[in-house]
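Morning, everyone. Please get the structure up on your screens. I'll keep this short.

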Amino acid sequence: MKVKPLTWRKISQVFFFLLFALTLLQATYPFKPWLPPELFLWLDPLTAITNQIAGRFFDIIFLLALIVLLSPLIFGRAFCGWMCPLGFLIDTSDHILKPKKRPDLRRWRFLKSALLTAVIILAIFGVQYAWLVDPLPIAWRSLGVIGMAFIFLLVDTFLTGLVSVGIFPDTILNFQDWLTGRLFPVSNPEFGGLVVPLIIFLIILGLSRLSRRFWCRYLCPLGALLGLVARFSSLRRIVDTEKCTDCGVCRHQCKMDAIEPDFMTTTKSECILCLNCKYDCKTDAISFGWRAPLKMMPNVDLSRRAFIGTSLTALASVGFFKINKLDPRHSDRLIRPPGALIEDDFLERCIRCGECVRICSTSGKCLQLSVTESGLEGFMTPLAQYRHGYCEYNCNLCGQICPTKAIPPLSTPEKQKYKMGQAIFLKDRCIPYRLNENCIVCEEHCPTPNKAIKVDKQAYVDPVSGAKRIVSYPYVDESLCIGCGICENKCPLNGEAGIIVVREGEERSQV
Amino acid sequence: MDRRKFIKTSALLTGGAVLGASRIIAKETGPADLVMVTNGQPAEMAQKLFELLGGISRFVAKGDYVLLKPNLSWDRTPEYAATTNPELVAEIVRLCFQAGAKKVVILDNTCADARRSYDACKIPEYARQAGADVRFVRDNQFVETAISNGTSLKSWPIHQEVFNADKLINIPILKHHGIGGITSGFKNMMGLLGGSRGRIHRPFPQNIVDINRVIKPHLTIIDAIRILRRNGPQGGNLNDVEQMNTLLAGTDRVLVDAWAATIFDLNPQSLEYLRLASAAGMGEIDTNKYKPRVYSFKV
């Protein structure tokens, strides 16, 4: 039997989704990828454009994005219909949620172009916010961070349950350890800031209730960008006027509402080559064929008025982002990944894909997506939260995996020299200072070879009983402390630790 | 008297007699069961150690499930002397299987990230080759265990395999420790604890003794092949590592730790947890009463 191109499209979607999933699975300790986890982000032209404009840099790896950016010249928006992992999930969601009504939402099409304009204008003025609406970073953090955490909990609970009821416990335990050695952390990483990206992800899928591919039709700025190029597409829908009976099935079945009321004209900037129309046509009137590529289609869904309006709004919001900047004096606990670029450059480059957070969850478990902690401009940026985890002394994986080098790829010895912050004792909380008893869990765990935490042994006389004892009072040698936070993490106090890491003295990489 | 001289003297004084003896006296219990082997390769020293103790079958019976507790706690490679020597552990695994053990399990609740520590210390790599199951520790595997005669701890979550195993062999590495003076046999049992382990440090001597009231290794083997002199228990500086090429083993946990303190140039009486353990009747602290039988490979 001959395989229909429609089936080919589905196979392609599943293939690229699995490929994407494979790139996600690479992001784990020990980091020996045979497929770069950053692959889909490097292929993303919206990331490449906004990131390099906002950060004023050029990275040769982003030339990969030209493949996707120029592909519409030949294939139209086939990327959206055949490759995009988020598009595949939205198609799946469409099947499950089945939009009931078919309201005419065409007037909202301009939104995606407006969003595209806005993120590029913001980037020009140094605010890099495309990641909020860019489908590939969205897919990465939704599946790579939230999805993997979810799967981990599911699989781990299931296997643990099997062991506890005594079903092949040795085999299951060995299998669990095998998985742990490859994909998962040993224990639950206890993510903090995942609820906001989770809500965004669920909203994108939930929009399927309103119309099929709602996100792709009306909101996706990457779709808008590819649509701009797709207007010159060579591959296009062709209707045989002899055969067409004006039944309108094609228009009804179009995922993207790309077919005009005359059933002949196709809006090439919308068509994602899903081929539904071809296979639902009763009279076989529709085909897809090659035509001279540079014949431009007239439809620009963003009117001049809307373009100017969007641009001005984006411009105004630059000020909005900038006046919301964090006062450094009020962000004392804002600890960035080791050796991260200086804050302004870091914010311009970080695309909030969550790769660092994911890989850290299989190692020291300190990186979390921030919610409000690092201000509006720093929304969803990675923060080291030391009551959740700590920076493993011998680990440099966040820098190895960062797709935009917002966290530079440092060697382990280099990373060990970068000071993430400074540990200070809260003497009102710390056990030896407060209770004059020995503790020094922090000193025991301090990984610096010559111990940044040292102890001062002093005799203490209990004022009530008069009993004398020797107490080790810990202190920090600030020249040795690298702010890794294991002291804060392991402090046996509940709630806030007796030793905390503050931003003072942090060292950041220069561009 | 420096330590090396001391070991050599010990070898001459007590070891000579043992070397001359044609058979090894193997008492069932009692502090005489204390041996020291020096100056060999890890595997041959382990073999000799058990030979002097009366053979591995004295400790491991046919069909036994043996739990080994070496130190895998830190993300450090073996030469940093923060974790137990992997060749030593692998040889002990082999000996256990020689004695007919059904299953040998190795685990440790690490201080640094479990996967990093397990990889760096190389014990899983070596011990798996010898046939052991090396497992990660999971939160749900700890059982809250009452310590009926505890002085400062009344209960603590302890790893279930401690109670499932037929035999428990403790294989710590001898290291400097900021609060215990040394970390040796008693302290190594912390790797079988769950819960908020930082709290064990308050008060450390009482708590560590209480923990050892319910976790009772049948044999303690101290790895002093490399010892960590300073900046323990994690180290990270090769200058703090001293090659000592010594193994020390015994059935009396207090006596073994007392001798470990002695070869670390510390007076056992200066270690509060040992004084408490001895006073609680858990073993003998006086190293003058009992000396190890010493065997040295190349004296």
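I'll go through the contact between the chains, then chain B, then chain A.

One caution before we start: this is a predicted model.

So, where do the two chains meet? The contact draws 33 residues from chain A and 28 residues from chain B. Look at the chain A side. Two helices there, α10 (169–182) and α22 (441–445), each give at least two residues to the side that touches chain B. Which one gives the largest share? That is α10(A), with five residues. Now the chemistry of that side of chain A. Its residues split into 14 nonpolar, 12 polar and seven charged.

Next, chain B. How many helices and strands does chain B have? There are 10 helices and 12 strands. Chain B has 299 residues, and 58% of them count as buried. Take the contacts in chain B between residues at least 6 apart in sequence. Of these, 74% join residues at least 24 apart.

Find helix α4 of chain B, residues 114–121. This helix is mostly covered, with seven of its eight residues buried. The buried ones are A114(B), R115(B), R116(B), S117(B), Y118(B), A120(B) and C121(B). What covers them? The cover includes α3 (86–98) and α5 (123–129) of chain B, and also α10 of chain A. Remember α10(A): that helix gave five residues to the side of chain A that touches chain B. Straight after α4(B) comes K122(B), and its phi is positive, near 70°.

Stay in chain B for a helix pair. Helix α8 covers residues 204–214, and helix α10 covers residues 272–279. They pack at an angle of about 45°, and their axes are 8 Å apart. Parallel, perpendicular or oblique? Angles under 35 degrees count as roughly parallel, and 65 to 115 as roughly perpendicular. So α8(B) and α10(B) are oblique to each other. Their crossing is right-handed. On the α8(B) side, the residues are P205(B), Q206(B), I208(B), V209(B) and N212(B). They meet E272(B), Y273(B), L276(B) and A277(B) of α10(B). That contact divides into six nonpolar, two polar and one charged.

Over to chain A, and another helix pair. Helix α1 is residues 5–25, and helix α7 is residues 85–97. The angle here is about 120°, with the axes 9 Å apart. That makes α1(A) oblique to α7(A) as well. This crossing is left-handed. From α1(A), the contact uses Q13(A), F16(A), F17(A) and F20(A). From α7(A), it uses P85(A), F88(A) and D91(A). Sort those residues and you get five nonpolar, one polar and one charged.

Now a single residue, F307(A). It sits in helix α16 of chain A, residues 304–323. Buried, exposed or in between? F307(A) has 15 C-beta neighbours inside 10 Å, so it counts as partly exposed. Leave out residues up to four places away in sequence, and F307(A) touches T117(A) and L302(A). Then compare F307(A) with A467(A). They are 160 residues apart in sequence, and 80 Å apart in space, C-alpha to C-alpha.

Last point, the domains. Chain A is divided into domain 1 (232–290) and domain 2 (419–511). How far apart are the domain centres? Over C-alpha atoms, the centres of domain 1 and domain 2 of chain A are separated by 70 Å.

That's it from me. Thank you.

Technical notes:
Residues are numbered from 1 along each chain as its sequence is written. Chains are lettered from A and ligands numbered from 1 in the order in which they are written. This is a predicted model: local features need pLDDT of at least 70, side-chain atom pairs count only at pLDDT 80 or more; totals for chains, interfaces and linings use all residues. Two residues are in contact if their C-beta atoms, placed from the backbone, lie within 7 Å. Helices (H or I, at least four residues) and strands (E, at least two) are DSSP runs, numbered from the N terminus. Ala, Val, Leu, Ile, Met, Phe, Trp, Tyr, Cys and Pro count as nonpolar, Asp, Glu, Lys and Arg as charged, and the others, Gly among them, as polar. Domain bounds come from an automatic or database domain assignment. Axes are lines fitted to C-alpha atoms, for helices over the stretch in contact, and angles run from 0 to 180 degrees between N-to-C directions. Angles under 35 degrees count as roughly parallel, over 145 as roughly antiparallel, 65 to 115 as roughly perpendicular and the rest as oblique. A crossing is left-handed if the near helix is turned anticlockwise from the far one by less than a right angle, and right-handed if clockwise. A residue is buried if 20 or more other C-beta atoms lie within 10 Å of its own, exposed if 12 or fewer, and partly exposed in between; C-beta atoms are placed from the backbone.
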